[in-house]
Amino acid sequence: MSTTRPYPPGDRRPEPSGASGASEGDVPANGASERGAPETGASDGGAAVSSGGRGRQVRRLSFDGESGVVPLARDFTRQALYAWGWLPAASADQRAAAEDVLLVVSELVTNACLHAEGPDELWITCDNKVIRVEISDKGTGQPAPRTPHRAGRPGGHGMFIVQRLCLDWGVVRTPGVSGKRVWAELGAPA
């Protein structure tokens with residue numbers, strides 16, 4: 001279910017009415033310094049990589065000046081999944097979980113391209129049991145699954161797919177700042 005919070009999900013303030021409350025992650029939605037790990041730059045097309053040790057690990061990709069952002073985001077995510085041991089997958093369930101993460105990244109980046117003037121950054125966080133994907137953009141719109149969902153018709157399936165594959169997803173807006181962060185959390189296979 002989608003949630004819209006005026007503050008990061010890790011903040012323990014009361015939920016706005018109608019929010020799902022299904023996810024109370026511990027990852028703030030803004031700033032690398034708040035993510036518990038120092039950011040270190042890399043020379044691979046605007047990517048920066050952070051690591052919080054064995055527990056929580058964070059990677060960031062800036063899309064500034066990049067073209068072909070969907071395949072770029074998928075490749076970046078695939079590299080993170082290899083680094084975090086989600087790939088190569090030892091079982092069909094592990095392979096499916098990794099493919100779900102890649103599909104969600106593709107859908108969220110595509111939505112930012114189609115509806116929000118393109119993505120600004122991609123953040124991926126892994127805490128061994130959950131992968132959190134965050135896409136920031138400057139758009140003012142509110143992502144939502146198309147209702148009613150029409151499986152046989154082209155287009156309009158992105159947020160429906162995200163909703164079906166993820167433990168939870170939502171939107172975080174910062175007052176006084178243009179744009180938003182769309183986040184989604186996926187669980188590791190058992």
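In this predicted model, helix 2 gives way to Glu-117, a residue with a positive phi, near 65 degrees. The helix that comes before Glu-117 is a good place to begin a tour of the structure, and its length can be checked with simple arithmetic. Helix 2 has 24 residues, and at 1.5 Å a residue it should span 34 Å; because its end C-alpha atoms are 34 Å apart, the expected and computed values agree.

Many residues of helix 2 are hidden from the surroundings. The buried ones are Ala-97, Ala-98, Val-101, Leu-102, Val-104, Val-105, Ser-106, Glu-107, Leu-108, Val-109, Asn-111 and Ala-112. These buried residues pack against helix 1 (69-83), strand 5 (119-126), strand 6, helix 3 and strand 8. Arg-95 also belongs to helix 2, but with a relative accessible area of 45% it is partly exposed, since buried would require under 20% and exposed over 50%. The C-alpha atom of Arg-95 is separated by 9.0 Å from that of Pro-189, although the two residues are 94 apart along the chain.

Helix 2 appears again at the largest pocket, which has a volume of about 420 Å³. The pocket is lined by 22 residues, and those closest to its centre are Asn-111, His-115, Pro-143, Ala-144 and Met-159. Asn-111 is thus a residue to look at twice, as it is also among the buried residues of helix 2. At least two lining residues come from each of helix 2 (92-115), strand 6 (130-137), helix 3 (158-165) and strand 8 (180-187). With seven residues, helix 2 gives the most to this lining. Sorted by class, the lining is made up of nine nonpolar, nine polar and four charged residues.

Two cysteines are worth finding in the structure. Cys-113 counts as partly exposed because its relative accessibility is 36%, whereas Cys-166 has a relative accessible area of 11% and is therefore buried. The structure contains zero disulfides.

Stepping back to the whole fold, the protein has three helices and eight strands. Along the sequence, these elements follow the pattern β-β-β-β-α-α-β-β-α-β-β. Of the 190 residues, 43% count as buried. Contacts that reach across the sequence can be described too: among those between residues at least 6 apart, 55% join residues at least 24 apart.

Technical notes: Residues numbered from 1 in each chain as written. Predicted model: local features only at pLDDT ≥ 70, side-chain atom pairs only at ≥ 80, totals over all residues. Heavy atoms only, no water. 1 Å grid on protein atoms, 1.4 Å probe; cavity = no way out; pocket = protein on both sides within 12 Å on 5 of 7 lines; lining within 4 Å. Points joined across faces, edges and corners; volume = space filled by probe spheres on them. Helix = DSSP H or I, 4+ residues; strand = E, 2+ residues; numbered from the N terminus. Nonpolar A, V, L, I, M, F, W, Y, C, P; charged D, E, K, R; others polar. Expected span 1.5 Å × (residues − 1). Buried < 20%, exposed > 50% of the residue type's maximum accessible area, 1.4 Å probe, protein only. Contact = heavy atoms within 4.5 Å. Disulfide = S-S within 2.5 Å.
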